[in-house]
Amino acid sequence: MALNEQDREDLMREATAFDPRAELHVDHELLPVFWGQKKNGNFSFYFGSDPVYQFDQSGFLRRAYIDGYLYRTQGNTLARLSRERNSNESTLKRYDLTITESAGLLREMSDRFLKLDSAFGKQHEIRLMQFVADTSQCELQELIQTQIKQILQHSDQLAPRIPGKR
């Protein structure tokens with residue numbers, strides 16, 4: 001988490017680590033949905049500036065930003081990190097979610113991706129607004145749909161613990 005958070009305003013222009021990347025208009029979402037994939041295959045979905053979900057190549061959740069909190073996988077649960085600031089420093093407070101709390105967060109995530117998957121099934125409910133990719137629009141949409149299905153397949157599981165983090 002950065003020292004000074006900013007809204008994620010123009011991901012299409014600024015998120016160059018994501019290639020390919022796309023901005024989608026989804027009828028049931030208030031704000032555009034940004035999707036991007038990194039060279040290592042990890043990918044992310046931004047539903048406006050919050051929530052944000054980051055996945056590994058297989059569709060297992062690595063991190064999420066929800067209601068101003070960072071959630072990070074610990075392998076078997078999620079840690080919720082919140083920032084506390086004073087005039088000299090910024091520190092992160094950590095809370096490890098219980099199994100029940102973690103399952104609830106994953107269920108909410110799954111519900112959101114079920115709706116997104118359904119929108120892809122009804123072509124009139126989703127439109128690709130802009131994209132940066134070396135593929136056709138059709139191939140890009142297929143890739144995004146495949147990744148949504150991966151997320152749904154693994155929605156009750158987490159990615160392995162992020163190395164160096166406990």
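This is a short tour of charged side chains, from salt bridges to a patch on the surface. The model is predicted, so that local features need pLDDT of at least 70 and side-chain atom pairs count only at pLDDT 80 or more, while totals for chains, interfaces and linings use all residues. Residues are numbered from 1 along each chain as its sequence is written, and side-chain values use heavy atoms, with hydrogens and water left out.

Select Arg13 to begin, which is exposed at 55% relative accessibility (buried means under 20% relative accessible area, exposed over 50%, partly exposed in between, with a 1.4 Å probe and protein chains only). Arg13 makes a salt bridge with Asp10, their closest N and O atoms lying 2.8 Å apart, where a salt bridge is a side-chain nitrogen of Lys or Arg within 4 Å of a carboxyl oxygen of Asp or Glu. Add Glu14, which also pairs with Arg13, with 3.3 Å between the closest N and O atoms.

Move next to Lys149 and Asp117, whose side chains form a salt bridge at 2.9 Å, N to O. Lys149 belongs to helix H3 (residues 137–153) and Asp117 to helix H2 (residues 99–121), so the pair ties together parts 32 residues apart in sequence; helices here are DSSP runs of H or I with at least four residues, and strands are runs of E with at least two, numbered from the N terminus. Lys149 is partly exposed at 45%, whereas Asp117 is buried at 18%.

Finally, select Asp67, in the loop between strand S5 (61–66) and strand S6 (69–73), and note that Asp67 is exposed, with a relative accessible area of 64%.
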